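Here is a quick tour of the charged pairs in this structure, plus a look at one spot in the surrounding packing. Have the viewer open as you read.

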Amino acid sequence: MTSTIYKTQIETLNMDNWLITPFVIPMAGAVFCLLFRNSIAIQRAIALASTLLIFGFSLFLLSLNADGDILVLRAGGWELPMGIALVSDLFSSMMLSVSNLLGLCVMIYAFGDVPQGEQKRFFFPLYLLLMMGVNGSFLAGDIFNLYVWFEIMLLSSFVLLALGRKSRQLEGALKYVTLNIFASMLFLSAVGILYGKLGTLNMADLALKLRSTSDPYLINTTAILFMGSFGIKAGLFPVFYWLPASYHTPTNATSAVFAGLLTKVGVYALFRVFTLLFIYDQAFTHGTLLVLAAGTMVTGVFGAAVQFDFKRILSFHIISQIGYMIVGLALMTPLAIAGAIFYLIHHMVVKTNLFLVAGVVEKITGSVQLKQIGGMSKTMPWLAFLFFIPAFSLGGIPPLSGFWAKFAVVKAGFAAEVFWIAGLSLAVGILTLYSMTKIWAEVFWKKAPESNGPESDCPPLSLTQKWALISPIVILALITMIIGLYAQPLFSLSEMAAEQLLNPDHYIEAVMKGGR
């Protein structure tokens, strides 16, 4: 009875219109931050309120999509496929909710991490514009607007990378923007080819027209262009090297939000186009994705194994873990897709938290070089515990969330009888655990070096700084434990999202008819 009343109220209010909130709120917040550019305190309040509101609306959209409904907003009332469509299905609303949770946590962390000089150089409006681009990407219903949201992300993230104006940040930003501009060129070329051949940009309409095309070269060539573009943005083999060269260079808050969100938007785009558009020659498209996923896992985990810089190890592990997600997409079975979605959400939470922990270690010791740090399990046992949870979750230790994520993907590999990828996934998991153990042994377990110069140069943290830095880490650690101990609710949502992705007729019908 209650659910019936709730759905009646939803239909009366036409909740499709609320699809604009995840990017209108951060855009408005960015504008107000610019208006109060002379007051850091007001900008902080605006940014915090904006991220909190976006998170609330994201959860609201998730509640609407949880019953299987698909929300569609036709901007300006234009009839599709000519107009711009915003679409929210269960997968996109799950990504929205997790992304904006992380956006809120990192915003709180930034209060204690980002230097005053960078805050004055428009950190908060840039951060909100970044969140606007991320949210818009998840809701884009046509392929060109997905490109537009990607470019908004690229511009704001490039400036955030270089905001400190240090030489290593400028070098990292140059590598980052060069490869991503190339990816954008590939993306725009693919969009142009599709539009020239099919005369539409709406993804649902593209899916319908691709079903009837008799031109296999159109499907395969454009699929490779999209694979190359989104693969660069996601950090896939062999074009991932921009990521470990840039992600460790900005402030810890910026590194954390990049690690948690930016590559995952690329992964989301791969999932969207390779479950909706390019599904007619899976031996070629998904077989190629499987090979790329294997290369991504191996190169990422070996890159991490040889590093002794805390944040560079974590950066390489972004790459290796993305390989697991693409394995799920490449296998294209219900269990594989559900496992990949579960893995995606688990990894966003865990990887963001690990970068936040690395930032606290750097604040305390003045270094992220493992050889220069040690003894923190005795001096700060609470930080050691907060590191242990996400680190060993990433390594796949039960009952933490990473165990269930890896278990689902590996089981899907065995079930699909692709034994080599299942075995490779297990081997990469062992090497991931090795890297996390190496950080644990060097930073927390071993004795502190006798000469620890950087620590003496670090000013003590104020109480406000400690609260801002530690509270997001605690929140994300608790979420990791909850996902691990009570994995079934999230996995059930992931299975529902996988079912929608593998049966795109409901998505196509909802978009073309206007929703639900």
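## A salt-bridge network

Lys371, Glu442 and Lys446 are joined up in a network of salt bridges. Keep in mind that we're looking at a predicted model. In total, the structure has 8 salt bridges. As a general reminder, side chains of opposite charge can pair when their charged atoms come close.

## Helix 15 and its charged partners

Let's start with Lys363, whose side chain meets that of Asp113 in a salt bridge, at 3.9 Å from N to O. This pair links distant parts of the chain: Lys363 belongs to helix 15 (residues 334–365), Asp113 to helix 4 (residues 90–113), and the two are 250 residues apart. Buried or exposed: how does Asp113 come out? Asp113 is buried, because its relative accessible area is 5% and the cut-off for buried is under 20%. Lys363 is partly exposed, with a relative accessible area of 23%.

Glu362 pairs up as well, making a salt bridge with Lys311 in which the closest N and O atoms sit 3.5 Å apart. Here, too, distant parts of the chain are linked: Glu362 is in helix 15 and Lys311 in helix 14 (residues 310–331), with their positions 51 residues apart. Glu362 counts as partly exposed at 23% relative accessibility, whereas Lys311 counts as buried at 2%.

## A pair between helices 23 and 9

What is the distance between the closest N and O atoms in the salt bridge of Asp505 with Arg211? For this pair, the value is 2.4 Å. Asp505 lies in helix 23 (residues 505–513) and Arg211 in helix 9 (residues 203–212), so the salt bridge ties together parts that are 294 residues apart in sequence.

Neither end of this pair is buried: Asp505 is partly exposed, with a relative accessible area of 45%, and Arg211 is partly exposed too, at 41%.

## Around Ala358

Back to helix 15, which also holds Ala358. Ala358 is buried, with a relative accessible area of 0%. Which residues does Ala358 touch, leaving aside its neighbours within four places in sequence? The contacts are Phe310, Lys311, Leu314 and Val368.

Lys311 is a familiar name in that list, being the salt-bridge partner of Glu362. As for Phe310, its C-alpha atom is separated from that of Ala358 by 6.7 Å, although the two residues are 48 apart along the chain.

Technical notes. Residues are numbered from 1 along each chain as its sequence is written. This is a predicted model: local features need pLDDT of at least 70, side-chain atom pairs count only at pLDDT 80 or more; totals for chains, interfaces and linings use all residues. Side-chain values use heavy atoms; hydrogens and water are left out. A salt bridge is a side-chain nitrogen of Lys or Arg within 4 Å of a carboxyl oxygen of Asp or Glu. Helices (H or I, at least four residues) and strands (E, at least two) are DSSP runs, numbered from the N terminus. Buried means under 20% relative accessible area, exposed over 50%, partly exposed in between (1.4 Å probe, protein chains only). Contact means heavy atoms within 4.5 Å.
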